[in-house]
Amino acid sequence: MKKALIVTGGWKGHEPYKAGQIFNEFLISAGYETNISTNLDVYLNIEELKSMNLIVPVWTMGEISKNQEKNLLQAVASGVGIAGWHGCMGDSFRQSTDYQFMIGGQWVSHPGGIINYDVKITNTTDQITKGISNFSISTEQYYMHIDPSNEVLATTQFKGDQIISDIAPYKCEWISGNVMPVVWKRKWGQGNVFYNSIGHKLSDFDVPEVLEIIKRGMLWASK
């Protein structure tokens, strides 16, 4: 039986435990033995980490210790898959650049907050996105710093008419037309890494395309 570790915590605005439960139920239905941890100290047991097929981090912001980070990166490099979404994986530890290197990107802004935008499936033959059509969604549109080695599966385009934030209350016209990855996969050593930037609120997972892409990404990551 395959084993999956779901690690929930950090900023509560993303409802990490409830979000983790959605995919915990899916993984159990797919035949996985699952464990949900609410403490990053679970990363201190390197042998336990290496026994997993999949790690699902659901942890926004916060800090990870050097030993926790080292063990997580080593486990994935050894062949353990890692898969996640939104800030729960793409904005987890802002001071930990090695972690960001593994993930393949880092959140920097979501201009306009909750807005309507389109997602384009750019790889229609990959097992994660095959048969899934382009779709629209109302949620945060992530602007990210991206690793060029990512294999991009879906993108979005910025209009540039959104107000950046209360701190910078002006429109960001200079990003008009910029195309940003939304879904990607990559390698870290022998491990598979999957990421989807959608998932700010639980209702995002009610969008069939979003839910299906993440489910498939988890299965792919865990080989």
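This section describes the overall form of a predicted model, then its aromatic pairs, and then several individual residues.

The predicted chain contains six helices and eleven strands. Its radius of gyration is 17 Å, which agrees with the value near 17 Å that a compact globule of 223 residues would have. The C-alpha trace extends over about 50 × 40 × 30 Å along the principal axes. Of the 223 residues in the chain, 54% are buried, and the area that the chain exposes comes to about 9900 Å², of which carbon and sulfur atoms contribute 50%. When contacts with a separation of 6 or more are considered, 74% of them join residues 24 or more positions apart. With respect to charge, the chain carries 19 positive and 22 negative side chains, and a distance of 5 Å lies between the centres of the two sets.

Aromatic contacts were examined next. A pair of aromatic rings is described by the distance of the centres and the angle of the planes. The structure holds nine aromatic pairs. One of these is formed by F23 and F205, whose ring centres are 5.2 Å apart and whose planes stand at 90°, an edge-to-face arrangement. Because F23 belongs to helix α1 (residues 16-29) whereas F205 belongs to the loop between β11 (191-196) and α6 (208-221), this pair ties together parts that are 182 residues apart in sequence. Both partners fall below the 20% limit for burial, since F23 has a relative accessibility of 1% and F205 has a relative accessible area of 5%. A further edge-to-face pair is made by F93 and Y99, with 5.1 Å from centre to centre and 75° between the planes; F93 and Y99 are both buried as well. Ring pairs also bring W85 together with F23 and F205 in a cluster, so that the F23 and F205 pair, which joins helix α1 to the loop between β11 and α6, is part of a group of three rings that are F23, W85 and F205.

Several polar and charged residues illustrate how loop and strand positions are placed in the model. D126 is situated in the loop between β6 (114-121) and β7 (135-140), and this loop residue is nevertheless counted as buried, because its relative accessibility is 8% and burial requires a value under 20%. Leaving aside residues up to four places away in sequence, D126 is in contact with E151, L153 and K185. K120, by contrast, is found in strand β6 and is classed as exposed, because its relative accessibility of 51% passes the limit of 50%. The contacts of K120, again without residues up to four places away in sequence, are with N134, L153, A154 and T155; L153 thus appears among the contacts of K120 and also among those of D126. The C-alpha atoms of K120 and I28 are separated by 30 Å, and these two residues lie 92 residues apart along the chain.

N39 occupies the loop between β2 (33-37) and α2 (46-50), where a relative accessible area of 40% makes this residue partly exposed. Beyond residues up to four places away in sequence, N39 touches V7, T8 and W59. From N39 to A75, the C-alpha to C-alpha distance is 17 Å, at a separation of 36 residues in sequence.

Finally, attention was given to backbone torsion in two residues with positive phi. M61, which is not a glycine, has a positive phi near 60°, and this residue lies in the loop between β3 (54-60) and α3 (66-77). With a relative accessible area of 24%, M61 is partly exposed. K223 likewise has a positive phi, of about 55°, although this residue is not a glycine. K223 is located in the segment after α6, and a relative accessibility of 53% places K223 in the exposed class. The two residues therefore fall on either side of the 50% limit that separates partly exposed from exposed positions, with M61 at 24% and K223 at 53%.

Key. Residues are numbered from 1 along each chain as its sequence is written. This is a predicted model: local features need pLDDT of at least 70, side-chain atom pairs count only at pLDDT 80 or more; totals for chains, interfaces and linings use all residues. Side-chain values use heavy atoms; hydrogens and water are left out. Rings of Phe, Tyr and Trp (its six-membered ring) pair if their centres lie within 6.5 Å; planes under 30 degrees apart count as stacked, over 60 as edge-to-face and the rest as tilted. Helices (H or I, at least four residues) and strands (E, at least two) are DSSP runs, numbered from the N terminus. Buried means under 20% relative accessible area, exposed over 50%, partly exposed in between (1.4 Å probe, protein chains only). Contact means heavy atoms within 4.5 Å. The radius of gyration is taken over C-alpha atoms; the globule rule is 2.2 Å times the number of residues to the power 0.38. Accessible areas come from the Shrake-Rupley method with a 1.4 Å probe; for residues, only the protein chains shown count as cover. Lys and Arg count as positive and Asp and Glu as negative; His and the chain ends are not counted. The place of a charge is taken as NZ of Lys, CZ of Arg, CG of Asp or CD of Glu.
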